[in-house]
Amino acid sequence: MLNRLMQEHNHLRRVLNLLEQYCIDLCRDAETEPSIIMSIVVYTQEHPEKVHHPLEDAAFSRLLHYDNESRPMIQALMRDHTELEKITRSLRDTLETFVSLKTYNKKQLIMELMTFLSRQRQHLLTEEARVYPLLRQHLSDEDWREIGDSVQEADDPVFGSREKAEYQLLFERLEQ
Ligand SMILES: [Fe+2]
Ligand SMILES: [Fe+2]
């Protein structure tokens, strides 16, 4: 189950890398693909938010049974999940205007992309550096079984079975 969390981080990092490339293109006035930027943001809401965050919340709560000292850090990361979701929603609103009206405030979009990228990366890294080692140390197979049973299983629409046609272009860009 911890392997699954790490695998999900690997996937998220891949889409963040691609998004960073699009952000840099915007900064350089190069051509960009707003629909792919949108796909990345929608994917973040559809999978990492709906599946990865709840699994982590369950694992982090379980960790507190064993390691009370990590409570402030765990609570901050769980608050971070809510904040990341807010940042993502706001970015999506901005992008929807961009895609539908073909007009956008470039400075604002770049700022929002920068916030999104840096907050996501900071969050992933803090978890990998400070919390996942504690999960590995403290949680038993039995804990992980119970945690797994408490959250919903869902296929990753981009790195899983790839049945969703709306991500077709994103698959292609990730593979280039
Ligand atoms: Fe997280
Ligand atoms: Fe995570």
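**Helix H1 and its surroundings in a predicted all-helical model**

Immediately after helix H1, Asp29 adopts a positive phi of about 60 degrees. The structure is a predicted model, and the description below starts from H1 before turning to the chain as a whole.

Helix H1 covers residues 2–27. With a rise of 1.5 Å a residue, its 26 residues should span 38 Å, and the end C-alpha atoms of H1 lie 37 Å apart, which agrees with that expectation. Five residues of H1 are named as buried, namely Glu8, Leu12, Val15, Leu19 and Cys23. The cover over these buried residues includes helix H2 (34–46), helix H3 and helix H5 (106–138).

The packing of H1 against H3 (residues 48–66) was examined further. Two packed helices are described by the angle between their axes and the distance between the axes. The axes of H1 and H3 come within 11 Å and cross at roughly 145 degrees. This crossing of H1 and H3 is left-handed. On the H1 side, the contact is made by Leu5, Glu8 and Leu12, while H3 contributes Pro48, His52, Leu55 and Glu56. By residue class, the contact of H1 with H3 comprises four nonpolar residues, one polar residue and two charged residues. Glu8 and Leu12 of H1 thus take part in the contact with H3 and are also among the buried residues of H1.

Towards the other end of the sequence, Leu174 is located in helix H7 (residues 168–175). Leu174 has 17 other C-beta atoms within 10 Å, fewer than the 20 that a buried residue requires and above the limit of 12 for an exposed one, and is therefore partly exposed. When neighbours within four places in sequence are left aside, Leu174 is in contact with Arg14 and Leu18. The C-alpha atoms of Leu174 and Val158, which are 16 residues apart along the chain, are separated by 9.6 Å.

Overall, the protein chain contains seven helices and zero strands, and its pattern along the sequence reads α-α-α-α-α-α-α. The radius of gyration of the protein chain is 17 Å, close to the 16 Å given by the globule rule for 176 residues, so the chain is as compact as a globular protein of that length. Taken along the principal axes, its C-alpha atoms fill a box of roughly 50 × 35 × 25 Å. Buried residues account for 20% of the 176 residues. Of the contacts between residues at least 6 apart in sequence, 76% join residues at least 24 apart.

Definitions and conventions. Residues are numbered from 1 along each chain as its sequence is written. Chains are lettered from A and ligands numbered from 1 in the order in which they are written. This is a predicted model: local features need pLDDT of at least 70, side-chain atom pairs count only at pLDDT 80 or more; totals for chains, interfaces and linings use all residues. Helices (H or I, at least four residues) and strands (E, at least two) are DSSP runs, numbered from the N terminus. Two residues are in contact if their C-beta atoms, placed from the backbone, lie within 7 Å. Axes are lines fitted to C-alpha atoms, for helices over the stretch in contact, and angles run from 0 to 180 degrees between N-to-C directions. A crossing is left-handed if the near helix is turned anticlockwise from the far one by less than a right angle, and right-handed if clockwise. Ala, Val, Leu, Ile, Met, Phe, Trp, Tyr, Cys and Pro count as nonpolar, Asp, Glu, Lys and Arg as charged, and the others, Gly among them, as polar. The expected span of a helix is 1.5 Å times one less than its number of residues. The radius of gyration is taken over C-alpha atoms; the globule rule is 2.2 Å times the number of residues to the power 0.38.
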